[in-house]
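Hi everyone, thanks for coming. I'll walk you through one structure today, so have a look at the screen and stop me whenever you like.

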Amino acid sequence: MGAAREQTIRTLIPARIDRMPWSRFHTRMVAALGVAWVLDGMEITIASAVGDVLRAPETLGLTSTEVGFAATVYLLGQVTGALVFGRLSDRLGRRKLFVFTLGVYLVANGLTALSFDYWWLLLFRFIAGTGIGGEYSAIHSAIDELIPARYRGRIDLAVSGTYWLGAMIGTASTFVLLNPGLLPVNVGWRLGLLIGPLLGLVIWGLRRHLPESPRWLVMHGREREAEEAIREIEEHVLEPGKKLPPVDRRKALEIRPHGPVRYRDVIRVVCRDYPKRSVLGATLMISQSFLYNAIFFTYVLVLSNFYGVSASDASKYLFLFALGNLLGPFVLGPLFDTVGRKPMISSTYILSGLLLALTGWLFKEGMLTATTQTLLWAVIFFIASAAASSGYLTVSELFPLEIRALAIAVFFAIAQTFGSLGPTVFGALIGDQAHPEPTRLFYGYLFAAAMMVFAGIITIFLGVRAERASLEDITPPLSQVGS
């Protein structure tokens with residue numbers, strides 16, 4: 001490694017990636033990698049929907065608190081997987097990890113469907129969570145490093161938003177699987193957990209044919225492999241007869257491979273070199289994680305306990321809620337590349353927080369029905385979904401390439417650690433009383449709303465204008481000479 005670290009490489013690979021037009025290669029790549037969010041959305045939706053079913057004596061006979069804790073265990077698994085696999089993604093490459101972590105998820109989630117008591121359910125949920133947590137860091141790194149700069153914001157938001165496509169698929173499936181008139185109650189929830197692995201198997205084969213990130217390769221001194229990878233991508237782009245614009249040679253970088261990144265390097269970058277970005281990233285990620293995990297994991301419990309909606313009927317409401325979340329990043333996403341990161345991130349966080357506080361008050365006053373609450377939440381989360389997706393975009397593009405996956409993992413872990421408290425806390429606020437008290441839950445909504453507004457205000461002061469800029473212009477790599 002010593003010899004590699006002495007070598008200086010002059011490269012135009014980042015400029016060659018950023019000058020590319022959109023192509024079928026980019027579409028295939030986003031589809032193959034973005035499925036991680038589809039799987040997670042499907043997973044969490046089905047888990048949320050079956051929560052009420054798992055309280056039935058003929059299933060696992062859980063309490064509301066145990067249902068919430070099972071969700072918390074899944075989130076803690078995501079934290080563990082993000083930290084372990086995020087570091088490996090920076091060391092071993094994006095491609096190896098996004099193939100392996102999907103395999104972990106497929107196996108573990110298939111075993112979850114076979115759980116015969118509460119403790120086995122917790123174990124398999126935790127392992128499935130590690131696979132999805134590892135997916136996030138490797139996939140966001142790969143997408144950001146392969147997408148041309150002018151598309152990066154909208155594509156990153158759209159990929160994150162596909163979580164809700166998974167939620168809609170999960171919701172549609174639970175409408176059938178959790179209908180006791182069609183399937184026995186102890187069978188339907190198990191079949192629901194097998195949908196994700198079946199979809200993942202199709203995508204797993206597609207991922208194996210994707211190239212490694214040329215940016216990652218060249219920063220690690222593997223110049224020949226990086227050149228092969230970028231030529232392969234350029235050939236795919238040129239297939240339909242498109243012409244590539246000339247490369248701006250002023251964008252050439254001089255790289256001296258950094259070698260293995262140590263934890264003290266990460267601490268130095270996060271705490272000393274970019275402390276404001278670290279505060280920004282942590283604030284955005286924590287606030288959106290608490291909001292989503294608290295509300296979405298307990299959504300069915302709210303519909304059941306406060307409005308008397310059955311588990312099978314709840315899927316109708318979940319579908320509308322998920323549709324609002326899906327549309328948000330796709331409709332608002334292009335504005336993050338044109339209007340800009342700071343104004344869009346701050347406004348979406350603040351507006352969604354204020355609307356949540358208002359809706360929470362209406363809920364406390366008993367002025368809502370299951371339908372009107374769902375409609376209001378669909379509007380709120382149309383905005384909040386774009387905000388939450390922009391949190392992932394922020395932490396993925398504001399730190400050097402050599403620690404990008406681990407940085408994503410660290411901020412994801414911090415966020416999920418706080419966010420994992422949400423389902424347990426809100427489950428306890430809902431309780432198991434025959435006549436639950438809405439005031440306690442209102443205070444929970446108010447707290448989540450305040451976190452979102454605070455994150456939006458922080459963005460006004462600490463946000464970075466990263467729209468349409470090369471990753472290397474936003475943050476020089478550790479390997480860049482003179483950085």
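Let's start with a single residue: which residues does T348 touch, if we don't count those up to four places away in sequence? The answer is L332, F336, I383 and A387. Before I go on, please keep in mind that what you see is a predicted model.

Okay, back to T348. You'll find T348 in helix α17, which covers residues 341–364. Is T348 buried or exposed? T348 counts as buried, because its relative accessibility is 4% and the cut-off for buried is under 20%. The T348 side chain also has a polar partner: it reaches the backbone oxygen of I345, at 3.0 Å.

Now let's hop over to another residue, S23. S23 isn't in a helix; it sits in the loop between α2 (13–18) and α3 (24–53). S23 is buried too, since its relative accessible area is 3%. What does the side chain of S23 make a polar contact with? That would be the side chain of H26, at 2.9 Å. Leaving out residues up to four places away in sequence, S23 touches V237 and K242.

Let's zoom out to the whole chain. The domain assignment divides the protein chain into domain 1 (10–257) and domain 2 (259–469 + 476–482). In the contact between them, 64 residues come from domain 1 and 67 residues from domain 2. If you take the centres of the two domains over C-alpha atoms, they are 19 Å apart.

Next up, rings. How many aromatic pairs does a search of the whole structure find? It finds 23. Some rings also have a charge over them. R125 lies over the face of Y74, and the distance to the ring centre is 4.3 Å. Then there's K364, with its charged end over the ring of F442, 5.6 Å from the centre.

Last thing: how confident is the predictor? The mean pLDDT of the protein chain is 86, with 94% of its residues at 70 or more. Over residues 1–5, though, the pLDDT is below 50. Beyond near neighbours in sequence, that stretch has seven contacts in the model. Where pLDDT is low, don't read the predicted coordinates in detail.

That's me done, so over to you for questions.

Note on methods
Residues numbered from 1 in each chain as written. Predicted model: local features only at pLDDT ≥ 70, side-chain atom pairs only at ≥ 80, totals over all residues. Heavy atoms only, no water. Phe/Tyr/Trp six-rings, centres within 6.5 Å; stacked < 30°, edge-to-face > 60°. Lys NZ or Arg CZ within 6 Å of the ring centre and 35° of its normal. Helix = DSSP H or I, 4+ residues; strand = E, 2+ residues; numbered from the N terminus. Buried < 20%, exposed > 50% of the residue type's maximum accessible area, 1.4 Å probe, protein only. Polar contact = N/O pair within 3.5 Å; in protein donor to acceptor, adjacent residues only side chain to side chain. Contact = heavy atoms within 4.5 Å. pLDDT = per-residue confidence, 0-100. Domains from an automatic or database assignment.
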